[in-house]
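Got your viewer open and a selection tool handy? Let's take a walk through this one, a stop at a time.

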Number of protein chains: 2
Amino acid sequence: MSTPILSERQKIVLALIIHEHIRSTQPIGSKNLIEQYGLEMSSATVRNEMASLSEMGYLRQPYTSAGRVPTEEGYRYFVGQLMGNTELPSATRSTITHQFYQAGQDIDQWMRLAASILASQSKAASLVTAPQPVKARFKHLELIELRGRQILMVLVLTGGDVRQQMLTLVEPVSQEQLSSVAGGISALSQGMDYENIAGIAPPVDALEKDILQLVISAMRQENLLTGEVYRDGLINVLEEPEFAESTSARRALRVLEERPFLEDLLSQTIMNSDVGAIQVLIGGEGTWEELSDCSVVLTRYGVQDMAIGTLGVLGPIRMRYGQTISTVRFVAGLLSELVAESHTE
Amino acid sequence: MSTPILSERQKIVLALIIHEHIRSTQPIGSKNLIEQYGLEMSSATVRNEMASLSEMGYLRQPYTSAGRVPTEEGYRYFVGQLMGNTELPSATRSTITHQFYQAGQDIDQWMRLAASILASQSKAASLVTAPQPVKARFKHLELIELRGRQILMVLVLTGGDVRQQMLTLVEPVSQEQLSSVAGGISALSQGMDYENIAGIAPPVDALEKDILQLVISAMRQENLLTGEVYRDGLINVLEEPEFAESTSARRALRVLEERPFLEDLLSQTIMNSDVGAIQVLIGGEGTWEELSDCSVVLTRYGVQDMAIGTLGVLGPIRMRYGQTISTVRFVAGLLSELVAESHTE
DNA sequence: TTTAGCACTCTAAGCGATAGAGTGCTAAAA
DNA sequence: TTTTAGCACTCTATCGCTTAGAGTGCTAAA
């Protein structure tokens, strides 16, 4: 199915209808449109264009003699072809930047802040996952005796990523011994990724061997959703009139609450895209029924081949795409910078 | 205002009305009631009792000639005086226990599981905060050079509680030097709480002194809400018919989403209560307007003077209190055991 | 190619009328 | 004295009906 070619006037009409519908939530009529935007043509002309646009599948009528509402296809065309690349006002940009630099170096704070900013700027629900190291390299290992056979393993990777893991040994081992094992492995594995480490000759000592295995598997964890998922602005979604009926609201929020669903969504969309590329999912795209009234703007941030996280916004299909996309892009860029900074050595 | 004394029959009528109203969401009429529960009296008798109960403030009528609905006072009387101490069926108990022991030793998993179980059992929204150590004692300190002047401080406390903090030094310090400082402080502070540590003679070395200060302030963090708040079942709240109107749903969910509000709520209620005591807040209790349609069941878990966390459920005022309270009690007890286990040495 | 005019369509809103669930009161029954 | 049957009354929710009005598609003129 090739995309039909629209005349300039059709583009204008489509863009204005979408704009006005996003503003008013209502179906848009021809007369209403020319009055609102002072168009230099008659309502009959607009009606003709509307008829064409409906035939192409970009508009539809809720019922026979009502105004027009954009279809999912209509939104897609708008986002892909009509919408200019808006940028956040510089005042907003600097406010946001400022907030991030005030938050210090705490990654938890960054995530929370990012979620909060995305939510308030886009007036929709936001989600942010912490940057997951890709091919992280070994930096330091520490083994700490908690009590008896319980050991805490603290693994420090490049980029300030720290992984903790508890383990229980078969028999008690003294702290000195643990420290020496940790020191040995640290010296051996310095600066290596997990494949390298797996490649080195396995130590003879049983304890050392076990720990090394654990280190490797801990470094291997590249799952997108291992860590916490930061959410914000769920209430914003409820504010939207299309979600006044709690059934539809529930459907939309389930997406954000249920981890398996989220994993599915992320893995099928954003996982294969480049850092910086922004994906806009409009109305579930035929795959996710739960999202049929929603749109999702997603992107990945971080440093390619180093540490990658995901962030995005979920709102009504009727969302302000320009504003939302530019916010997502800006916040992602900012986080990428911050992540990059903490990875340069 | 002293509580009026109810006759046995009045108690029965009140309990049944509440029971039936929770089941049906509807105002309950006299005839309906005797039919549903096969009462051995006439509707007129029930009507008389209803009139008395209304006068006492335990029931009200949505409008002049409608059935009765419990008031907040009515629910309070029910929860305080009428409701027996129900216990979770043993099958459910063992299923839950099993799930916890399968989750291993990961505290993050425990929290997530607890939230999930609370939500699904009570069919309402749940929240769980991680156990915050109270007067934690020092166990081990590690200082790890990340790059140049950036240092990662890993502080291990009793009970397996680990705190990380990044810090930037004025000038670069070698890893050997850091390890020696960490070792020195570890030896010095072994088994002490932060007050003890603050009491020891300050070291002469500037670096050592600074680090010690950081250790103390890190140990001091006893804030209730420093960590992550685990939530689940927000959608359950939307399922309830009283929250079909999105305005009321929004109000209720805001409570769970906005951290400051949550902090306020927790600090004003549960903070001063003992571990194991269960608080039931019915309809905001005149203090929290946002909760006027909701009830909250809260408790603290953990080991007194060691590590305390909070957990609870938020649902409609029309919630199944017996079921919810016993679930909250059981899960809290289970978590307390788990926390206690990881604190014994 | 555009536009004015017009008949036509369909919803949302307003308006009774009605059914029915529930009450409170009174007077008889227990 | 307490309970209950009987009855008039109240109030809502619901249904059907009408109507206003926004919007359309089509035709024919500009």
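How many residues does helix 3 of chain B have, and how far does this helix reach from its first C-alpha to its last? Select helix 3 of chain B and count: there are 13 residues, and the reach is 18 Å, close to the 18 Å expected at 1.5 Å a residue. Keep in mind as you click that this is a predicted model.

**Stop 1: around helix 3 of chain B**

Show the side chains of Val46(B), Glu49(B), Met50(B) and Leu53(B), which are buried. Now look down the helix axis: these buried residues fall within an arc of 105°, so they line one face of helix 3 of chain B. An α-helix has 3.6 residues a turn, so residues three or four places apart point the same way. To see what that buried side packs against, add helix 1 (8–24), helix 2 and strand 1 (59–60) of chain B. Spin round to the face turned away from the buried side, and you'll find the exposed Ala44(B) and Glu55(B). Past the end of the helix comes Gly57(B), with a positive phi near 90°.

**Stop 2: the DNA strands**

Next, select DNA strand C. It has 20 residues around it, and the nearest are Ser42(A), Thr45(A), Thr64(A), Ser65(A) and Gly29(B). Helix 3 of chain B turns up again here, giving four residues, the largest share of the surface near DNA strand C. By class, that surface has seven nonpolar, 10 polar and three charged residues.

Switch to DNA strand D. 20 residues surround this strand, with Gly29(A), Ser42(B), Thr45(B), Thr64(B) and Ser65(B) the closest. Colour helix 2 (30–37) and helix 3 (43–56) of chain A plus helix 3 (43–55) of chain B, the elements that each give two or more residues to the surface near DNA strand D. The largest share, four residues, comes from helix 3 of chain A.

**Stop 3: where the chains meet**

Hide the DNA and bring up both protein chains. Here 27 residues of chain B are in contact with 27 residues of chain A. On the chain B side, pick out strand 5 (138–147), strand 6 (150–157), strand 7 (162–168), helix 10 (234–239) and helix 11 (246–257), each supplying at least two residues. Helix 11 of chain B gives the largest share, six residues. The chain B side divides into 14 nonpolar, five polar and eight charged residues.

**Stop 4: helix 7 of chain B**

Select residues 175–189 of chain B for a helix of 15 residues that reaches 21 Å. Buried here are Leu178(B), Val181(B), Ala182(B), Ile185(B) and Ser189(B). Seen down the axis, the buried residues of helix 7 of chain B stay within an arc of 95°, so they line one face. They pack against strand 5, strand 6, helix 8 (194–199) and helix 9 (206–220) of chain B. On the other side, look for the exposed Glu176(B) and Ala187(B). Gly191(B) follows the helix, and its phi is positive, near 75°.

**Last stop: the cores**

The largest nonpolar core has 134 residues, and Ala114(A), Leu253(A), Ala114(B) and Leu253(B) touch the most other members. Centre on Ala114(B) and you'll see Val128(B), Leu311(B), Val331(B) and Leu335(B) among the residues to show, since it touches each of them. A second, separate core has 44 residues, including Leu157(A), Ala182(A), Ala136(B) and Leu212(B).

Notes. Residues are numbered from 1 along each chain as its sequence is written. Chains are lettered from A and ligands numbered from 1 in the order in which they are written. This is a predicted model: local features need pLDDT of at least 70, side-chain atom pairs count only at pLDDT 80 or more; totals for chains, interfaces and linings use all residues. Two residues are in contact if their C-beta atoms, placed from the backbone, lie within 7 Å. Ala, Val, Leu, Ile, Met, Phe, Trp, Tyr, Cys and Pro count as nonpolar, Asp, Glu, Lys and Arg as charged, and the others, Gly among them, as polar. A residue is near a molecule or strand if its C-beta atom, placed from the backbone, lies within 6 Å of it. The expected span of a helix is 1.5 Å times one less than its number of residues. A residue is buried if 20 or more other C-beta atoms lie within 10 Å of its own, exposed if 12 or fewer, and partly exposed in between; C-beta atoms are placed from the backbone. The arc is that of the directions from the helix axis to the C-beta atoms. A nonpolar core is a set of buried Ala, Val, Leu, Ile, Met, Phe, Trp, Tyr and Cys residues joined through C-beta atoms within 7 Å.
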